[in-house]
Amino acid sequence: MAKILDGKEVGKALKERVKESAEQYREKGVTPKLVVLRVGEEKSSVAYENAAKKVMESVSIDSDSVTLSEDSTTEDVIEAIEKLNKDDSVHGVIMMQPLPEQISRSEVSEKLDPRKDVDALNPVNMGKLVEGNEEAMAPSTPAAVMEILKYYDYDLEGVEATVIGSSPVVGKPMSIMLLNAGATVANTHGKTKDNRLHTMKSDIIVSATGALHLVDDSYIPEGATVIDVGYGYKDGKPTGDVNYDVVESIAGAITPVPGGVGSVTTAVLASQVVKAVGLLTGK
Ligand SMILES: Nc1nc(=O)c2c([nH]1)NC[C@@H]1CN(c3ccc(C(=O)N[C@@H](CCC(=O)O)C(=O)O)cc3)C=[N+]21
């Protein structure tokens, strides 16, 4: 029986700290504010926007939305970003991914002020992450995984880790964060011959593929820690990358879906908004 790594508990602890900090800024006359920039109506982005706004409200951070139509151009998005860069009442901007395909992700994300870039979409922040600079903004999902490991007192030095999935928003930055913390990391992906060659010698396995129930008992060595970043729907229920029912009896520790990484992501996003206030105001 694996120990359950409870994302709700981790998120709650982080939100308490963020709320205190947001209230201190309010006392100094600064109202922390996040803007969610969304292009089109992609389902998981709308879900995240709603979840994020609810969390911001609970920690005394204001939030607002800028929603552009599905047929917007790269120039339209850049124009919206530049307006937000100039607006001193806005401290954090998260641009929802994925963008409609006519929009160049790299051209628009480069325009966002790195200090307001609370989900680290600007390559400047990704570059700082590679340097191991902890002052930089980090992408919230892999940062949420690190927050869970920190909460449960994991010492990552010398640990063997496998990250399954190499997306620019989750898998790759996840590998870098684990590497920065002293782990030895294998990052597998769609062209990997056999994930199991890596996972079966790992102490920590992070799965971030979106392939529902990809990870079963044949992937997991006895006692390993399994972190499930996947979030999809099966028979109408939130479902992760990990077949929880068969893995749970082998793993030493595991994050559930829901109530795992997803519940920490929005709290991390809020923590980065107060961090942005610090960077922008020097208070
Ligand atoms: N730039 C960008 N960064 C993202 O991180 C990003 C994105 N774009 N686009 C959309 C996807 C989807 N995603 C979700 C995260 C949490 C919930 C969610 O429902 N969270 C619940 C808890 C879920 C649980 O308990 O596991 C909550 O916070 O209350 C939904 C969706 C982030 N994404």
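Select Met95 and the ligand. In this predicted model, a backbone N or O atom of Met95 lies 2.9 Å from a nitrogen atom of the ligand. Keep the ligand on screen and add Gln97. Here a polar backbone atom of Gln97 is 2.8 Å from a nitrogen atom of the ligand. Now add Asp119. This contact uses the side chain: one of the N or O atoms there is 2.6 Å from a ligand nitrogen.

Next, turn on a surface. Alone, the ligand has 680 Å² of accessible area, and the protein covers 78% of that. The space the ligand takes is the largest pocket.

**The shell**

Select every residue around the ligand. There are 16. Met95, Gln97 and Asp119 are among the closest, and so are Gly259 and Thr266. Colour the shell by class. Seven residues are nonpolar, eight are polar and one is charged.

Switch to cartoon. Which elements give two or more residues to the shell? They are helix H2 (43-58), strand E4 (92-95) and helix H10 (261-281). Select H2 by itself. Helix H2 gives the most, with four residues.

**The domains**

Colour 30-117 as domain 1 and 140-262 as domain 2. Show the centres of the two domains, taken over C-alpha atoms. They are 28 Å apart. Return to the ligand with these colours on. Each of the two domains supplies at least three residues to the shell.

**The loops**

Go back to Gln97 and step along to Pro98. A cis peptide bond joins the two, with omega about -10°. Pro98 is in the loop between E4 and helix H4 (105-109). Gln97 thus has two entries on this tour: the backbone contact with the ligand and the cis bond to Pro98.

Where is the other stop with a cis bond, the one at Pro258? Select the loop between strand E11 (253-254) and H10. Val257 and Pro258 are joined by a cis peptide bond there, with omega about -5°. Keep H10 in view, as this helix also gives two or more residues to the ligand shell.

Last, follow H2 out of the shell to Ser60. Ser60 is in the loop between H2 and strand E3 (62-68). Check the backbone torsion. Phi of Ser60 is near 65°, a positive value in a residue other than glycine.

Conventions:
Residues numbered from 1 in each chain as written. Predicted model: local features only at pLDDT ≥ 70, side-chain atom pairs only at ≥ 80, totals over all residues. Heavy atoms only, no water. Near = heavy atom within 4 Å. Polar contact = N/O pair within 3.5 Å; in protein donor to acceptor, adjacent residues only side chain to side chain. Areas by Shrake-Rupley, 256 points an atom, 1.4 Å probe, with all protein chains shown as cover. 1 Å grid on protein atoms, 1.4 Å probe; cavity = no way out; pocket = protein on both sides within 12 Å on 5 of 7 lines; lining within 4 Å. Sits in = over half its atoms within 2 Å of the grid points. Nonpolar A, V, L, I, M, F, W, Y, C, P; charged D, E, K, R; others polar. Domains from an automatic or database assignment.
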